[in-house]
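Please examine the sequence and structure shown below. A short briefing follows, arranged by topic.

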Amino acid sequence: MSTTETNGTMTGRERYLNALQGKPVDRICVGSPTSLATYEEMRRLGIEWPDAHYEAAPIALLAERSYTEHGYDSIMPYFSIILGAAALDADIEWGEDPWEFDKGTGKIISGPRMPAVSPPNPWTTPDEIVIPNDFLERRETKAVIDSIKMLRERHPDAAVIGKVMGPWTLSYHMFGPQEFLINVILDPDYVHACLDRLMPASIEFANAQIEAGADAICLADHSTGDLVRAETYRDFLMPVHQKITPEINSPVILHCCGKTLDRMQYIKDAGFEAFHFATENDPHEAKAVVGDFKLVGNVSNFVTLLSGRPEDVAFEVEDIVSAGIDIIAPECAVPPQVTNANLMAVPAAARGEFQGDPSVTDPRNMAHEYRVDVAKQSAAASSGPALSL
Ligand SMILES: [Zn+2]
């Protein structure tokens, strides 16, 4: 029996779906639409990347730990961002780095990296876009679909979340981010054509995961404030998202990293059930912008989960809960170095059950401190308008 099933009157699956759809929940929902895979669990299970990117059995074993061991309501079995691109024939650098341990403590320092698309860019013009007939049978897509089948069977009471990249992120992978983004200014028709022609890949892969048993889909599409303006989201991607969301046969959660406060209103209008947002955005401000639209997030990965103590994680989670965020989760795929102690502090604190070390009397909201620092720095640096796409 999982830690999730021993408390509460709803299953994790019921709780997650209710939270997404604004229906009552017995207690706050905790569950990530992005990866919670860690080195600690890989070592414990004797599995590792890259196998656990393209082989269904190790993917399922690694993914289910969030539900069976760490106290989350959900399982999400897609740990990178490049599987769609791999199935579209992009060359992948799989990141097969060796394990490295601290000689004194034996602690894991590093291990296999997240994979990335290798140069050169697979395509240069939208005319080259071809979604292969066997797109869902490719090693990488099939592994995710098959892992969802296994997870559905093993965990009927867990929320199983599928994931696909949206056409904006697929365009970064297939055309190169710079080459793609410069055409927002130079050749808008190029950008529209890329999005229109890649859209079916996202929809097909999403619906195959739902058919395999996924309860909801995370659509990751990174039109982040660090790279593009809110108006660019509104004019280029929002209309595409409005076409995609009704074609996917389950609730859809948009994931986008970085600053997004200025486009959350547009995201709300794009047909998603919820938005999974990042630490750069204050959770109280985010909720004020979107009102009753559902938000998932936004525990800091690099600031708190990676470098903080469990007490700091818990302190930040309490602030996110107090902001009224609907589903509590790390902001994005967690860095694999994150410890179980920190990962488990998220659900424990969200439910008011966190028991920290009594000697820690100074827990910090490190995400809040980070946002204050960034705001100060950007105020000091802003001397004129920069090129903005
Ligand atoms: Zn992200």
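**An enclosed helix**

In helix α15, the residues N342, L343, A345, V346, P347, A348, A349 and A350 are buried, buried meaning that 20 or more other C-beta atoms, placed from the backbone, lie within 10 Å of a residue's own. This is a predicted model, in which local features need pLDDT of at least 70, side-chain atom pairs count only at pLDDT 80 or more, and totals for chains, interfaces and linings use all residues. Residues are numbered from 1 along each chain as its sequence is written.

**Surroundings of α15**
- Because eight of the 11 residues of α15 (residues 340-350) are buried, this helix is largely enclosed by the rest of the structure.
- The elements covering its buried residues include β1 (29-30), β11 (294-299), α13 (301-305), α14 (310-322) and β12 (327-330); helices (H or I, at least four residues) and strands (E, at least two) are DSSP runs, numbered from the N terminus.
- After α15 comes G352, with a positive phi near 70°.

**Nonpolar core**
- The largest nonpolar core (buried Ala, Val, Leu, Ile, Met, Phe, Trp, Tyr and Cys residues joined through C-beta atoms within 7 Å) has 112 residues, and I217, F275, V317, I328 and V346 have the most contacts inside it.
- Helix α9 (residues 188-212) supplies the largest share of this core, nine residues.
- Apart from neighbours within four places in sequence, I328 is in contact with I28, V30, V317, I320, V321, V346 and A350, contact meaning C-beta atoms, placed from the backbone, within 7 Å.

Conventions: A residue is buried if 20 or more other C-beta atoms lie within 10 Å of its own, exposed if 12 or fewer, and partly exposed in between; C-beta atoms are placed from the backbone. Two residues are in contact if their C-beta atoms, placed from the backbone, lie within 7 Å.
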